[in-house]
Structure formats: C-alpha cells, structure tokens
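These exercises are for a reader who is opening this structure for the first time. Try each task before reading its solution.

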Amino acid sequence: MDKIHILWADDEIDLLKPHILFLKDKGYEVQTANSGDEALELVEKNHFSAVLLDENMPGLSGLETLNRLKSKHAELPVIMITKSEEEFLMEDAIGSKISDYLIKPVNPNQILLSLKKTLDNKRLISEKTTSNYQQEFRQIGMTLGDRLNWAEWVEVYKKLVYWELELDTSKDESMMEILKMQKQEANKLYCKFIENNYIGWLNGQTPNPPLFSHTLFKAKVAPLLDKPETTFLVLIDNLRYDQWKIIQPIISEYFKIETEDLYSSILPTATQYARNSFFAGLMPSEIEKRFPKLWLNDEEEGGKNLHEEELLLEQLKRLGKDVKTSYNKITNHAAGKKLSENMSNLMQNKLNVIVYNFVDMLSHARTEMEIIRELADDEKAYRSITLSWFEHSPLHDILKQIAAKKCKLVITTDHGTIKVTEPSKVVGDKNVNTNLRYKQGKSLDYVKKDVFEVRNPADAFLPKQHVSTSFVFVKEDKFFAYPNNFNYYVNYYRNTFQHGGVSLEEMIIPFITLSAK
C-alpha cells in the first residue's frame, strides 16, 4: 500500500525511536519535530495525513501548536499525547477538535490503533456495515418467506430502513443494489399481504388489525389529554419513517423518546383521505355520511382538507374530551416564523395541533421544479434535503420552545411517499382523479396485476360517487399513465416521489411520543 505520511512532534522524540520503527513497519512514513515551531514549519512545507502532538513541550506548548495548526489546517487530524490527566487540559484539547487523546506512557499498538481509528474510520465502518448487512441479508430473506402478520411486517420494514441508512455511509454500490432488490421483493410481498387482509381488517373479519388513521387519535393521543402537561401534536405531512430517523438525532438533543410506534395509513394513502380520517376518527365514507358539508369528493371543486379543525373538535367532543384546543396549519416559511413568534400564546391550551406541510410541498415541488428534482435525485438525497430543511426551519425553533416549556410532544404524519419508476397503463373518463398512485371512477380499464382493486368502495369505507364507481391502488413502485399521453407521463413522472397507493413506504408510518429532557 502507499505510505501514509504522519508528523510526530515531541521534545523527547529521540526516546521514541522504537515506536517510530514500529509504525514504519506498519506502512507509515514518520517525520519528526522537536518543538511546536518546527512542527508548524513542516506542516507548511509538507502534506501529512495526521499529526501526533506532545502536549507538554517547552517553548510553544502542544495546545498553542494545536490552535495554530487548526487555524490554518482545520481538516488535519491531530492526536494529542500528554503525561497529564488533568480534566481542563482534556477539555481544552477536545474543544480544539482533536481526533484522539492518549496518556503517556503510550505503547506502539495504542498509537497504531489511534491512527487507524482516525485515518481509516470511514473505511472500516463502511466495511463493517457491508459485512453486517451481508449476514443479515439471508435472515431478512428467510423472514420474507414466512406468513408474516402486521407486527412482523413492521419489524421487517424497520430493519430495511436501518440498513438503508447504514449503507448510506458506505461506498459499496453493489451492496446498496442488493438492498434495493431486497426492498423491492419485500414490497411485492407486502402488497399481497395488504390485498389479502385490508378489507377484512376494516370490517372486523380479520384479527389483529394495525392501528389505522381513523383509530390512532383515540388510541394514542386522547389518553395524553388526561395527563397534567400541555400536549403538542405535530403532524408533518408526508413524513416517511426513514425521514423521521434522519431528523431524530437533532430532536433527541432536547427530547427523550418515550415510544416509537409505526401505524398504518388507510387507502388511498393521500392527504384528502388519510389526514381527514386521522382528525375525524372516522373512515372517509363515515365522514361523508355524518358531516356532508365537511367532505368533498375527488371530482368536486374546492380544497379537500379545509375542515380538519372542525373534524378534530367533533372527535374530541365524541370522546368526551372537553379541553382547550388550538389548531394551526403551516403551508409556508412565513407562517412557520409567525407561529414560532407566538408560541407563548399556546402554552395555556391542553392540546395544540400543528400541521406542517413542508415535506408534502417538497415532494410535489420535486415533481414540478427542476432544481428540486436535481437536489433530491434519489432516496439518499431526498433524506438529506429533509434534514437540511428541518435544521433551518421554523419547526425546529418551535420544537425547542416546546421542550423549554416541558410540554408533551407527539410527532406523526398522515402517509408516506415512494419513488416511482414503472408506468402502468390506465384508461378512464374525464372525471377520473389526477393522482398517479390511485384512481377512482366509472369504467376504469387497468392492468389487473399492477393494482389492488376495490370494486365496491363501501367495502373499504370509501365514498361511492356513482353506482359503478371503483377504486384501484397501484402497487409497489408503479405509477399510472394514460396511453394517449404515455411517453410524456413516463418521462415527466418517472423517479418522482408520489403517494396514494400500496407500499411499505406509504403505509407504514411513524407515531412518536416524546417528553422534554
């Protein structure tokens, strides 16, 4: 292998010759310096992969040398070596962003391990991650061959997301491709599972149903309203489980996670259906029947999510929860800033609901705006842009304020989203809805193997606009395209993130309860 050049600065460097020879045998080229000034001169003239730096040198001290090094070469890894175990020295050194810290006397193996940890860290982690996934690949594959129930599907999905995030840090493209294929296989089997169980669950004919959109609030949110704290329910539209895991470390700085549950969105996995169902505690056909003025069907003009607050208040009344409640829907940055500035007004309420639409806007903007399409070109980039948005969003400030006031926090969503790659032909009349993942209407013509069909909408508690209305939900990573405009649809929508259909990503979604640290 190529020699790795390191600099070792110590005023007693002659006593360290056995250590230096040991490192040379291991493939390191070691240059030495007797003082901090000499070390700084050598760094200016040579390229080093790392610096071993004695803390206690006469003249320019190790810490002073470190500060000057970092002011010009912030990226250069420095391993501090010292006789002192005094805490303030460690804190000073760590505060100056050293890579590692060793206490004298050091043996050669300690130094070798520290160098490997510092220089090979990313490569070693990547190799270990790849090796671990290779071992688990077979186990997941065997699990997929079983007849899984809902809880087991949740565990499979958690594992797939875990490895997806772990392999994000790996440069092993072939292993990422294997994971992608395993996830596709899992989605295919999951869609069969939903076809076999969904209608039975909703109608009480199949045991052990998941918590669904319409049962979640009663089961998980309502009990929190009996506790003394104020509860904030933050629903981030379109937030997938992997996106939650990406923002979780930031939120964990000031909240501790009490429960991390995954529940099932109803079908269609679309805002109009799933989110209204969540706030109403009712399925769509039940909302239409009980509150006809608060429900609009696909083919009717007007906004389909304009009455969430009224549906929420009706559900609270039905549950016997007479509590002071606020509802805020944030659809742009300015509205988020305004809410952040007015948070103190909400602290007297028992329940504060905040619907934050950003992830949904990102998903749709990705389809419409070329620059967003480029920024969120794949799953990894989509997660990355979500993290970047969250870090700099008013929502981040809002959550900090909730933590400061020691309020209870719930983070959830209404449905997920999937990157679509394969077109599936569909034909319908002019009243068929525009969503790319589900269609409802009369006389629909479609590729049967690509869809989960519900010929009688009442079976799935969906509104029946006409005698012959049916619903079809496209499966896996497919999307509907019309034959008369086929190439346009395929070129425009392929590799965009969509929702409304049947997939792990759209249906298995997070519900997190947190308390302030």
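## Overview

The secondary structure of this protein consists of 20 helices and 19 strands. The model is a predicted one. Along the principal axes, the C-alpha atoms fill a box of roughly 95 × 50 × 40 Å. Of the 517 residues, 54% count as buried.

## Exercise 1: two helix pairs

Task: Describe how α2 packs with α3, and how α7 packs with α8.

Solution.

Step 1. Two quantities are needed: packed helices are described by the angle between their axes and the distance between the axes.

Step 2. Take helix α2 (residues 36–45) and helix α3 (residues 62–72): the angle is about 15° and the axes are 10 Å apart. An angle under 35 degrees counts as roughly parallel, and α2 and α3 are therefore roughly parallel to each other. Their crossing is right-handed.

Step 3. For α7 and α8 the angle is about 160°, with the axes 11 Å apart. Angles over 145 degrees count as roughly antiparallel, so α7 is roughly antiparallel to α8. The crossing of α7 and α8 is left-handed.

## Exercise 2: the largest pocket

Task: Find the volume of the largest pocket, then state which elements supply its lining and what classes of residue occur there.

Solution.

Step 1. The largest pocket has a volume of about 820 Å³. Its lining is made up of 34 residues, and those closest to the centre are E164, M176, K180, E379 and K419.

Step 2. At least two lining residues come from each of α7 (150–168), α8, α17 (379–391) and β11 (418–419). The largest share, twelve residues, is that of α8.

Step 3. Sorted by class, the lining holds 23 charged, six polar and five nonpolar residues.

Step 4. Link this to the first exercise: α7 and α8, which both contribute to the lining, are also the pair that packs at about 160°.

## Exercise 3: cis peptide bonds

Task: Locate the cis bond that leads into P105 and the one that leads into P268.

Solution.

Step 1. The bond from K104 to P105 is cis, and its omega is near -5°. P105 sits in the loop between β5 (100–103) and α5 (108–119).

Step 2. The bond from L267 to P268 is likewise cis, with omega near -5°. P268 belongs to the loop between β7 (255–264) and α11 (271–280).

## Exercise 4: the helix after P268

Task: Decide whether α11 is mostly covered or mostly open, and say what follows this helix.

Solution.

Step 1. A residue is buried when its relative accessible area is under 20%. In α11, ten of ten residues meet this condition, and the helix is mostly covered.

Step 2. The buried residues include T271, Y273, R275, N276 and F279.

Step 3. G281 follows α11 and has a positive phi, near 70°.

## Exercise 5: positive phi outside glycine

Task: Place N208 and F461 in their loops and give the phi of each.

Solution.

Step 1. N208 is in the loop between α8 (173–202) and α9 (213–221). Its phi is positive, near 55°, in a residue other than glycine.

Step 2. N208 has a relative accessibility of 65%; because the cut-off for exposed is over 50%, N208 counts as exposed.

Step 3. F461 lies in the loop between β15 (451–454) and β16 (470–474). For this residue, too, phi is near 55°, a positive value.

## Exercise 6: sequence distance and space

Task: How far apart in space are V420 and F479, and how far apart are K117 and D37?

Solution.

Step 1. V420 lies in the loop between β11 and β12 (422–427). This residue is buried, with a relative accessible area of 0%.

Step 2. V420 and F479 are 59 residues apart in sequence, and their C-alpha atoms are 6.1 Å apart in space.

Step 3. K117 is part of helix α5. With 46% relative accessibility, K117 counts as partly exposed.

Step 4. K117 and D37 are 80 residues apart along the chain, and 27 Å separates their C-alpha atoms.

Terms used:
Residues numbered from 1 in each chain as written. Predicted model: local features only at pLDDT ≥ 70, side-chain atom pairs only at ≥ 80, totals over all residues. Heavy atoms only, no water. Helix = DSSP H or I, 4+ residues; strand = E, 2+ residues; numbered from the N terminus. Buried < 20%, exposed > 50% of the residue type's maximum accessible area, 1.4 Å probe, protein only. 1 Å grid on protein atoms, 1.4 Å probe; cavity = no way out; pocket = protein on both sides within 12 Å on 5 of 7 lines; lining within 4 Å. Points joined across faces, edges and corners; volume = space filled by probe spheres on them. Nonpolar A, V, L, I, M, F, W, Y, C, P; charged D, E, K, R; others polar. Axes fitted to C-alpha atoms, helices over the stretch in contact; angles between N-to-C directions. Parallel < 35°, antiparallel > 145°, perpendicular 65-115°, else oblique. Left-handed = near helix turned anticlockwise from the far one by under 90°.
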